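Please look over the sequence and the model below before reading on. The paragraphs that come after them are meant for someone meeting this structure for the first time.

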Amino acid sequence: MGAGGFVAGDVKNYPGKVTRHVVNACVLGAMGGLIFGYDLGISGGVTSMAPFLNKFFPDVYRKEALDTSTNQYCKFNDMGLTLFTSSLYLAALIASFGASYITRTWGRKRTMLLGGIIFFIGAALNAGAVDLSMLIAGRILLGVGVGFSTQSVPLYVSEMAPQKHRGAFNIVFQLAITIGIFIANLVNYLTPKIAGNQAWRYSLGGATIPAALICLSALKLDDTPNSLLEQGKAEKAREIHRKIRGLNDKEIEAEFQDLVTASEAAKQVEHPWTRILKRQYRPQLTMAVAIPFFQQLTGMNVVMFYAPVLLQSIGFENNASLLSTVITGAVNILATGVSIYGSDKSGRRSLFLSGGAVMFVFQVALAVLIGSKFGTSGDVIELPKWYAGIVVACICIFVSAFAWSWGPLGWLVPSEIFPLEIRSAGQSITVAVNMLFTFFIAQLFLAMLCHFKFGLFIFFAIFVAIMSTFIFFFLPETMNIPIEEMSRVWKQHWYWRRFMLDEDDDRRASDLMV
Ligand code: BGC
């Protein structure tokens, strides 16, 4: 057994079929990932469109047009422009805290709907933008929409899914993110051919389509039994629970009673934000911060945001680099499928560790490949086709390793480890940390490339080694554990058990709940 191993022992095995209702709920719910993905994928391409730069960032446009420097590492470094990409993630960060209150009091479903509506308005403002302030206002609304949906969707799916398939269902959210990214890459590749100077309007306005889809699906969804109990709607909760599990009252009783107990305990907690800081939640709090932080420090978003720029830096034509982005986008989708299959069979830990090992090797390979051609001067040279092909292949393998590990698990694991009383607060922390570091990577990457040069890949490789070691020692296996029974994995963990209360303490603590 590995350092984070967990003895399955007396794990409860609730009955529950994969019903049409649960599939519908999870698939429609997971659509929330589309808007996040579309955003991640669209801004890199839009900011490389000359008419867009000329309209909103004329200084950057002139600077690029006049740039005669030969240093490829520093060519695209501009803080104002990266702020366009990164501002959205700052807005999402702030919104996720408000979303915590809304998911708790209004429920998961309404939060998703609200997120979709705000996102729709943001996309429409962007498409019609006549000046920079309209553009930025749109970005902020998009960010709020993303904050709301990344807060509510993973919780929604984890609570709906039957325990044995929670991993697979939850990863449909990540699959939707990767599909969103891919569609955005394709749109950016096609709009300049179709709409010329107005291409950016179509690229940005395209986000209204996934937003509308999300609103429509959220309208059709039922809220989760856990959330309905949290809102005091016990009868409705029972009805939905029966429906999604495809069982009768008697058959759902054991699982339903556990949900009721969890919800009762949760109701006594008036201040989840104070509560989450208590010593007994230290393991969950650590994971809520560490997992999204490490996910961003894999360097994946460098590829997502700046692959066209990166590939142009190493000598690709503009069109070839946009096309390569489409290829990495497709690889991202396919490899996410591996995780859907593997997370409930081989477990979260083995996916994390295998993904980490492969990412490490190929990041080092990229550093060597790029460093040996461009050195530290970054002078332009003609890159042989076969060599460029190897670089793209390494990027694809790196992307696929992320897609079967840190990509989906970075959302799945935090959403399943919190007890109900601090679940919304915990998820907010995960979203906020994720958005904060997405912001940093988006904002700082071009400056980092300029200073670290090819060593940037070594920088991320070192982080991948650290995060894999962390997972090995500190993350217990959560596969197949009912969501309201999760506390047992910490109680049996070699390190975290010292933070956990025993049964008597549990009782005393609930008497003293804040
Ligand atoms: C991450 C994003 C990333 C995407 C790539 C998501 O899980 O949160 O930051 O761009 O995966 O597929």
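What follows is a walk through selected features, beginning with charged pairs and ending with single residues and their surroundings.

The model shown here is predicted, and the reader should keep that in mind throughout. A good place to begin is with the salt bridges, of which the count comes to 14. One of them brings together the side chains of Asp-39 and Arg-139, with a distance of 3.9 Å from N to O. This pair ties together distant parts of the chain, since Asp-39 belongs to helix H2 (residues 32–46) and Arg-139 to helix H7 (residues 132–160), and the two are 100 residues apart. Both Asp-39 and Arg-139 are buried.

Another salt bridge joins the side chains of Arg-108 and Glu-230, where the N to O distance is 3.1 Å. Here too the pair links distant parts of the chain, with Arg-108 in helix H6 (residues 108–127) and Glu-230 in helix H11 (residues 225–230), 122 residues apart. Arg-108 is buried, and Glu-230 is buried as well.

Further along the chain, Arg-348 and Glu-416 form a salt bridge in which the closest N and O atoms are 2.8 Å apart. Glu-416 sits in helix H20 (residues 406–417) and Arg-348 in helix H18 (residues 348–374), so that this pair, 68 residues apart, again links distant parts of the chain. Glu-416 and Arg-348 are both buried. Salt bridges can also share partners, and in this way Arg-108, Glu-159, Glu-230, Arg-423 and Glu-484 are joined into one network.

From these buried pairs we can turn to the surface. Which residues gather there in a patch of positive charge? They are Arg-279, Arg-282, Arg-497 and Arg-498. Of these, Arg-282 can be placed in helix H15 (residues 282–296), and Arg-282 counts as partly exposed because its relative accessibility is 30%.

The surface also carries a nonpolar patch of about 200 Å², made by Val-18, Val-23 and Val-27. Val-23 has its place in helix H1 (residues 20–30), and with a relative accessible area of 31% Val-23 is partly exposed.

The cysteines deserve a separate look. How many disulfides does a search of the whole structure find? The search finds zero. For Cys-396 the reason can be followed in the distances, because the closest cysteine sulfur, that of Cys-394, is 9.4 Å from the sulfur of Cys-396, which is too far for a bond. Cys-396 counts as buried because its relative accessibility is 13%, and Cys-26, at 0% relative accessibility, counts as buried too.

Some residues are worth following for the places where the chain comes back towards another part of itself. Arg-242 is in helix H12 (residues 234–245) and is partly exposed, its relative accessible area being 29%. Between the C-alpha atoms of Arg-242 and Ile-252 there are 6.6 Å, while along the chain these residues are 10 residues apart.

Met-134 is part of helix H7, the helix that also holds Arg-139 of the salt bridge with which this account began. Met-134 counts as partly exposed, with 25% relative accessibility, and its C-alpha atom is separated by 9.5 Å from that of Gly-122, a residue 12 residues apart from Met-134 along the chain.

Leu-323 offers a pairing across another stretch of sequence. This residue lies in helix H17 (residues 318–342) and is partly exposed, with a relative accessible area of 39%. Leu-323 and Asn-185 are 138 residues apart in sequence, and from C-alpha to C-alpha they are 8.5 Å apart in space.

The last stop is a matter of backbone geometry. Most residues other than glycine have a negative phi. Asn-480, by contrast, has a phi near 70 degrees, a positive value in a residue other than glycine. Where is Asn-480 found? Asn-480 is in the loop between helix H22 (455–474) and helix H23 (487–491), and at 28% relative accessibility Asn-480 counts as partly exposed.

Definitions and conventions
Residues are numbered from 1 along each chain as its sequence is written. This is a predicted model: local features need pLDDT of at least 70, side-chain atom pairs count only at pLDDT 80 or more; totals for chains, interfaces and linings use all residues. Side-chain values use heavy atoms; hydrogens and water are left out. Patches are made of residues with over 30% relative accessible area and no salt bridge: like charges are joined within 9 Å, nonpolar side chains (Val, Leu, Ile, Met, Phe, Trp, Tyr) within 5 Å. Accessible areas come from the Shrake-Rupley method with a 1.4 Å probe; for residues, only the protein chains shown count as cover. A salt bridge is a side-chain nitrogen of Lys or Arg within 4 Å of a carboxyl oxygen of Asp or Glu. Lys and Arg count as positive and Asp and Glu as negative; His and the chain ends are not counted. The place of a charge is taken as NZ of Lys, CZ of Arg, CG of Asp or CD of Glu. Helices (H or I, at least four residues) and strands (E, at least two) are DSSP runs, numbered from the N terminus. Buried means under 20% relative accessible area, exposed over 50%, partly exposed in between (1.4 Å probe, protein chains only). A disulfide is a pair of cysteine sulfur atoms within 2.5 Å.
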